[in-house]
Amino acid sequence: MSLLTAVTGVTALAVVVGVVVLLARYLRSYLHFRKLELAIPGPPSLFLLGNALSFCVVTPDTVMRTLLAVIGGRRQITRFSLFNNLTVWLQDPEEVEEMVRSKKFADKPSFIYSLLHIIAKKGLIQLNGAEWKAHRKWLQPGFNVNVLHRFVDIFSEEGRAFVERVEADRDVDVITNLKKASVRNFLRTSMSSDTSEYEDEAMDCCAFLELFLRSINNRSFNPILWSDRVFAWTPLGKRVHKDKQVIDKLCNRFIEKKRAEIGSFKNDSDFEQARKTLMDIMLDPPTGSQELTEGNAILDEFITFFGANVETTVSALGWTLKVLSLLPDVQQRVHAELDSVFGDSDRSVSVEDLAELQYLNRVIKEVMRMFPAIPFIGRHCYEETKLCGHTIPAGTPVFISIYGVHRDPRHWDRPEQFDPDRFLPERSKDRHPCAYMPFSMGPRKCIGDTYAVMNMTTFLATALRDLEVLPVGDHKDLQSLTDNMTFDLSSHLVGGTRVRFRRRGAKAAH
Ligand code: HEM
């Protein structure tokens, strides 16, 4: 009995000592973390809560304003914490350059990016390390400029189809019409044969993506919902998991059709002719790298490219049309340029025209400066690392505010002013290389940047030859757009992107 008591006593003592040691270790590492955290400039951070109170009433419509209010006032490196989850933020081009050049910040953080795993685990956006490198090498040839040139006719046709769908002379939210164009562009540049049978389903996928991105927005600043298991129990989580089948089903059906298309090419030379699009390469990886396509890799990449393409392009085109509706002088210059390049002809936009449309090009650049489609991107800090004169604790996600970089008054004269001519070569030549980065910088830069610019320029040139964009009275100037900008992963205007179109011929008839 007394032996049993002694054993129990020793066990209890060992447990207590163990707990005390663990607590002491936790406390020591917490205090070390806290010391490093507080050494980085930032808003007052409460013990254990950090800055969580600033985000406790955040909504999808207010998330951008809240975030900017927390990090906004500081130009140099800053931080905030959600409980003991530290995040570091950069918006000074020189500091951004230091991080982009460092090999230690090559990967994406799990914060926010892992929330994408519900729809795709092995997509290029969220992959890391050797796996990311292998996927990038595999898919990069799909963006060869000669392949992209072949798409200009498709972009042009979809611009015309957009014009036909426009309901002129009434207020409209332009986003659904833009999504239709973007989805059709994506499907048609992926497949050689007719893709119209997939269109309705693809629009359902866009509706799912909207829901999914809203869920990311809801979860990002609420650590309780970071766990996929917990999220799956919430009403929104249940809906996301149920509706996810829509996108899996369409993408699988599309991939099968594409496989059949590749298989049906009569001979190698037919095959060579058509095989070089992104989808051809996805389904036919180079010899020796077939293992890349194992499991769900193709489906995951297809979904990733669908989302990355449609969400960003629609965002950038939506901002452009809204900005033009508020700036008649700028729109007039765009129309004048289009008239001088195309005259009365209704021929399609060609690759050669794209180089001529210099002012339109600068307008697109300036829109992406003020209203970047992706306002924030992140990197992971694996080990305690010096950055911008501060020690970043291991495991910290470090974010770049592309929005903040693009509005830095030290690099942009009157940054709140819309001035496309700031992108004239003579005014750009001395600009810091990281002062403008709508497609990010370094090895993880957007793989689809040339596709996107070609698509947007062709689309806008086609649409604006026939249409004038007018304001609808919901926002009086660009400051109002700025104040009502929000984001999930891509940015958009709170309350929708409402404009009124007038057919250009109709104006002359009045
Ligand atoms: C206006 C249009 C676009 C903008 C502003 C844009 C912006 C960006 C940005 C900022 C990143 C870096 C993301 C990060 O670091 O987390 C990125 C990555 C990426 N983008 Fe885009 N993008 C656009 C269009 C496209 C298109 C058309 C495609 C595909 C056809 C695409 C596919 C991707 C992919 C796959 C990545 C991940 C690249 C990697 O990590 O290797 N994007 N994009």
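# Group meeting: a walk through the model

Let me start with one residue. Ala202 has a relative accessibility of 0%, so Ala202 counts as buried. The cut-off for that word is under 20% relative accessible area. Ala202 sits in helix α8. Its C-alpha atom is 31 Å from that of Gly129, and 73 residues of chain lie between the two positions as a separation in sequence. Please keep in mind that this is a predicted model.

Next, the strands. I will begin with β1, residues 78–82, which pairs with β2 in the antiparallel sense over five bridges. Within that pairing, Phe80 of β1 stands opposite Thr87 of β2. The two strands make a hairpin, and two residues separate them. One residue to look at in the turn is Phe83, where phi is positive, at about 55°.

How much of β2 is buried? Five of the six residues in this strand, which spans 85–90, are buried, so β2 is largely enclosed by the rest of the structure. Besides β1, strand β2 is joined to β7, residues 396–401, and here the strands run parallel, with three bridges. Val88 has Val398 of β7 as its bridge partner.

That brings us to β7 itself. Six of its six residues are buried. In a regular strand, side chains alternate between the two faces of the sheet. For β7, one side carries Thr396, Val398 and Ile400, the other carries Pro397, Phe399 and Ser401, and both sides are covered. β7 also pairs with β4, this time in the antiparallel sense, over six bridges. There, Thr396 of β7 is the bridge partner of Cys381.

Now the ligand. Which residues come nearest to it? There are 27 residues around the ligand, and the nearest are Tyr113, Trp132, Arg136, Arg444 and Cys446. By class, this shell has 18 nonpolar, four polar and five charged residues. Helix α13 gives the most to the shell, with five residues. The elements that each supply at least two residues are α4 (129–139), α13, β4 (376–381) and α19 (449–466). So β4, which we met as a partner of β7, also has residues in the ligand shell.

Three side chains have polar atoms to point out here. For Tyr113, a polar side-chain atom lies 2.5 Å from an oxygen atom of the ligand. For Arg136, an N or O atom of the side chain is 2.7 Å from a ligand oxygen. For Lys108, the distance from a polar side-chain atom to an oxygen atom of the ligand is 3.2 Å.

On to empty space. Rolling a probe the size of a water molecule over the atoms shows where such space is left. The largest pocket holds about 490 Å³. Its lining is drawn in part from α7 (175–190), α8 (199–220), α13 (297–326), β9 (485–487) and β10 (491–493), each giving two or more residues. Helix α13 therefore turns up twice in this talk, as it is among the elements lining this pocket, taking helices as DSSP runs numbered from the N terminus, and it gives five residues to the ligand shell. Of the 26 lining residues, those nearest the centre of the pocket are Lys179, Glu210, Asp488, His492 and Leu493. The lining divides into nine nonpolar, 10 polar and seven charged residues.

How many cavities of 30 Å³ or more are there? The count comes to three. The second largest cavity has a volume of about 50 Å³. Its lining consists of Val63, Ile112, Asn217, Ser220, Phe221, Phe487, Asp488 and Leu489. Five of these residues are nonpolar, two are polar and one is charged. Asp488 lines this cavity, and Asp488 was also listed near the centre of the largest pocket.

Val63 of that cavity lining leads to the last item, helix α2. This helix covers residues 63–71 and is mostly covered, with seven of nine residues buried. The buried ones are Val63, Met64, Thr66, Leu67, Leu68, Val70 and Ile71.

Terms used. Residues are numbered from 1 along each chain as its sequence is written. This is a predicted model: local features need pLDDT of at least 70, side-chain atom pairs count only at pLDDT 80 or more; totals for chains, interfaces and linings use all residues. Side-chain values use heavy atoms; hydrogens and water are left out. On a 1 Å grid over the protein atoms alone, a cavity is a set of points where a 1.4 Å probe fits but cannot get out, and a pocket is an open set with protein on both sides within 12 Å along at least five of seven lines; lining residues have an atom within 4 Å of a point. Grid points are joined across faces, edges and corners, and a volume is the space filled by probe spheres set on the points. Helices (H or I, at least four residues) and strands (E, at least two) are DSSP runs, numbered from the N terminus. Ala, Val, Leu, Ile, Met, Phe, Trp, Tyr, Cys and Pro count as nonpolar, Asp, Glu, Lys and Arg as charged, and the others, Gly among them, as polar. Buried means under 20% relative accessible area, exposed over 50%, partly exposed in between (1.4 Å probe, protein chains only). A residue is near a molecule or strand if one of its heavy atoms lies within 4 Å of it. A polar contact is a pair of N or O atoms within 3.5 Å; within protein, one must be able to donate a hydrogen and the other to accept it, and residues adjacent in sequence count only if both atoms are side-chain atoms. Two strands pair if DSSP finds at least two bridges between them.
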